[in-house]
Amino acid sequence: MQFSHKSIEKKWQKFWEENQTFKTTNSNEKKAYVLDMFPYPSGAGLHVGHPKGYTATDIFARMKRMQGYDVLHPIGWDAFGLPAEQYALKTGNDPREFTDKNIIIFRNQLKKLGFSYDYNKEVNTSHPNYYKITQWIFQQLYKKGLAEVKEVNVNWCEELGTVLANEEVILSNGKMVSDIGGFDVIKKPMKQWVLKITQYADRLLDGLENLNWPNSVKELQKNWIGKSEGVLIKFKIKESNEEIEVFTTRPDTIFGVSYIVLAPENEKVLKICSNNFQNEIENYIQNTKTKTDVERQDDSKEKTGLYLGCHAINPITNEEVPIWISDYVLNDYATGAVMAVPAHDERDWKFATKYNLSIKFVLETKDKSKAFVGESEHINSDFLNGLDRKNAIKLVIDKLEKENNGKKQINYKLRDWLFSRQRFYGEPFPVIFLDNGDIALIDEKDLPLMLPKTDYIKPSGTGESPLANIKEWVNIKYNGLNAKRETNTMPQWAGSCWYYLAYILTTSPNNLIDITSEEAMQLFKKWLPVDLYIGGQEHAVLHLLYARFWHQVLFDLNVVPTPEPFQKLINQGMILTDKGEKMSKSKGNVINPDEIIESHGADTLRLYEVFMGPLEASLPWSFKGLDGSRKWLDRVYRLIEDIKLTDENNGNLDFIYNDVVKKTTQMIEDCKFNTAVSQLMVFINAVYKENSAIYKPYIFNFVKMLSLYAPHLAEELWSMLGNKTSVCLESWPVFDETKLLLSNVVIAVQINGKLKSTFEVEKGTSIEELIKLAKNILNVKETIHGKTIIKEIAVLDKIVNIVIK
Ligand code: ANZ
């Protein structure tokens, strides 16, 4: 016998909607804010990977709700985006139509999976009520001096007609290409908005300390920020009055400097080089422009460079060393100049051996056939000889500082955030460019600055956003003066930087209360920070870093009361094909959740995706596993259909029931959702083995626990058991610790007939195990140490006897 998932699922989805079962409550002291990374509503609809994370948060949210917490469990749409724009450009339609259609499909799919979202809280980042606040936040950034227009060397993608952030560019066969689409990308100077995230570098680092995040994500963020403590050292130039400043983290190796090497684009290069080499040098500089930073730093590639025909003077040794350029030095990191110590740096070693430059070891090492990058005593270094790294660094810095040749400096790899995109379908910048060059902010009361209504989006043909075509929107009068709007729009990251705040402010879909109101502050105080945030690893750096940055700025502005937005984070693994490959539309190996819902039911899909393995693991799909999950649900259904219940407790299931409740609760709290399912299975097996009627509360509570995983079936069973309410709003089962203790027994340990110790074990623990445990007790161990054991006997559940000589 099988249950009919089709009728059951529809019936309960309707019930939940009509009864607003999952409406956010605000009546308890305890709260749980359980958040999913909201989807981009693409034309492809949901993928089986989405429900993996969404089911996990749903299970957690459902337990918290049943435990009497106020639960905020919302969903929304990261709705601006490139695919909608490209569709619009191709078809001549409005991107909003495409997006709205997709949202309807996504919402229906989510509803069919029975997630306990409060759909009153839905937000859509492309709704004017929403981007009004995105624009307001941008204005606050501008007022704080954290947003400015700058001429920057950008990544330009001709095919997409837009600038891309570094993070949106990947390297493919040594070429820069766009992350989306794989189109060619080149470097080009352009005027763009940048957000000064670098001013928050230390805060973004320090804030990681107290977050309950995977270490791998913390590491990724730390490396992205890339804090490096070092020294700036000035080198005079022999042939001119110029100076070169280098940044080094190893000033202690200064006695080993054998040349200075500049980034080819360093502005000093053409000033200091000898005239004889000028042409060659200019060619080299041109050539460098075609290379990416990644390529330039690729250590497997042969190093190239040119001698500039001049010398630098080592401020400590007064030695003259030649000055070179090479593209392994980056111009936009630190000073774009390096004091090269080939004996102790692998890049410098390769360069020096290729060009026959001198190599001088200043750290003790036996093997002089390669660079030594480890720690050892200093040698050939005058006043540093014999010192270790830390002390040597301190001494050199003191000397350099005294002589005014050097000072400490901290560098970051983090760059300011390029915030303009040449797109139509994004948030317009709430600014006005006046003809006199000034920038004015649009009056707050006039926000949002709406995207113009247009029935035909055309490429601008100039590399600008299609907005540039809409002259009546772009050219305006401001206080009687001619002025222009910004035709760039914000990147898609903008809307996702604060959506977790938007849910809190939302009273009905896309209706948000004022973010600066007292009411908003009270709500933020209630709900922040997010207690559990689950999403894909691909957002480990950018989204999470950008959102933390905005949150910290809003914290400084007293808009939000917590310094960090997301307290606990988990990265869900991927669902791979049965062959272990990544599912992708182009390979045609994507499994559509709609089909599984049709054939096996939503409850089965939910249960299966959770039971596959740990949430964090990437695991292959298996139809056999899916069938197995369905079979188990059928088994549960049959059991409850035929079950005989009683109000009398014969005690037979006491231990197993309480043990299952205890473990399930703890496992869900710890987000070990797959092992929690095994507990429910253990319980069902025990119930099947019982011949007598089953104690009613145990079955009722089992159905409550089941409702986290298979909510439709659980509602159905709950009503079959004669209940009229929703099982989802019942209180979570508690366990009775005494019932667990009862099944433990105390074992006495005797040595040569004398009581030595006692210990507690689970009833029925094997004789071998009892003897092993007894011999591990400290004073037993001490007593038998060095003696010969003549006999070891144990009586089940009672005693261990050891005879020694
Ligand atoms: C001398 C030295 C000796 C260095 C030694 C290393 C080892 P992080 O930790 O990444 O900050 N460097 C400085 N500026 C650079 C640039 N613009 N492009 C490429 N390399 C640059 O690394 C700092 C080290 O990277 C600096 O310390 C410098 O080389 C190099 F045994 O100076 B070092």
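Select P448 first: this residue is found in the loop between strand 17 (439-441) and helix 13 (471-474); helices (H or I, at least four residues) and strands (E, at least two) are DSSP runs, numbered from the N terminus. The peptide bond that joins L447 and P448 is cis, with omega about 0°.

The model is predicted: local features need pLDDT of at least 70, side-chain atom pairs count only at pLDDT 80 or more, and totals for chains, interfaces and linings use all residues. Residues are numbered from 1 along each chain as its sequence is written, and side-chain values use heavy atoms, with hydrogens and water left out.

Select P529 next, in the loop between helix 16 (518-527) and strand 22 (532-536). The peptide bond from L528 to P529 is likewise cis, with omega near -5°.

Then move to N356, in the loop between helix 11 (346-354) and helix 12 (389-402). Phi of N356 is near 55°, a positive value in a residue other than glycine.

Now display the ligand and its shell. Of the 19 residues around the ligand (a heavy atom within 4 Å), S228, T248, L330, Y333 and H344 come nearest. Strand 9 (243-248) and strand 13 (337-340) each supply at least two residues of this shell.

Three side chains merit labels for their polar contacts with the ligand (pairs of N or O atoms within 3.5 Å):

- T248: a polar side-chain atom lies 2.7 Å from an oxygen atom of the ligand.
- K413: an N or O atom in the side chain is 2.9 Å from an oxygen atom of the ligand.
- R347: a polar side-chain atom lies 3.5 Å from a nitrogen atom of the ligand.

Taken alone, the ligand exposes 650 Å², of which the protein buries 86% (Shrake-Rupley method, 1.4 Å probe).

Finally, select strands 28 to 31. These four strands form an open sheet of mixed pairing, in the order 29-28-31-30; two strands pair if DSSP finds at least two bridges between them. Strand 29 (754-762) and strand 30 (789-795) stand at the edges with a single partner strand each, so one side of each is left without a neighbour in the sheet. The twist averages 15° from one strand to the next, with axes fitted to C-alpha atoms and angles between N-to-C directions running from 0 to 180 degrees.

Strand 28 (residues 744-751) pairs with strand 29 in the antiparallel sense over eight bridges, and N744 stands opposite E762 in strand 29. Add helix 26 (residues 767-775), which packs on the sheet and touches strand 28, strand 29, strand 30 and strand 31 (799-804); contact means heavy atoms within 4.5 Å. The direction of helix 26 makes about 120° with that of strand 30.

Methods. A polar contact is a pair of N or O atoms within 3.5 Å; within protein, one must be able to donate a hydrogen and the other to accept it, and residues adjacent in sequence count only if both atoms are side-chain atoms.
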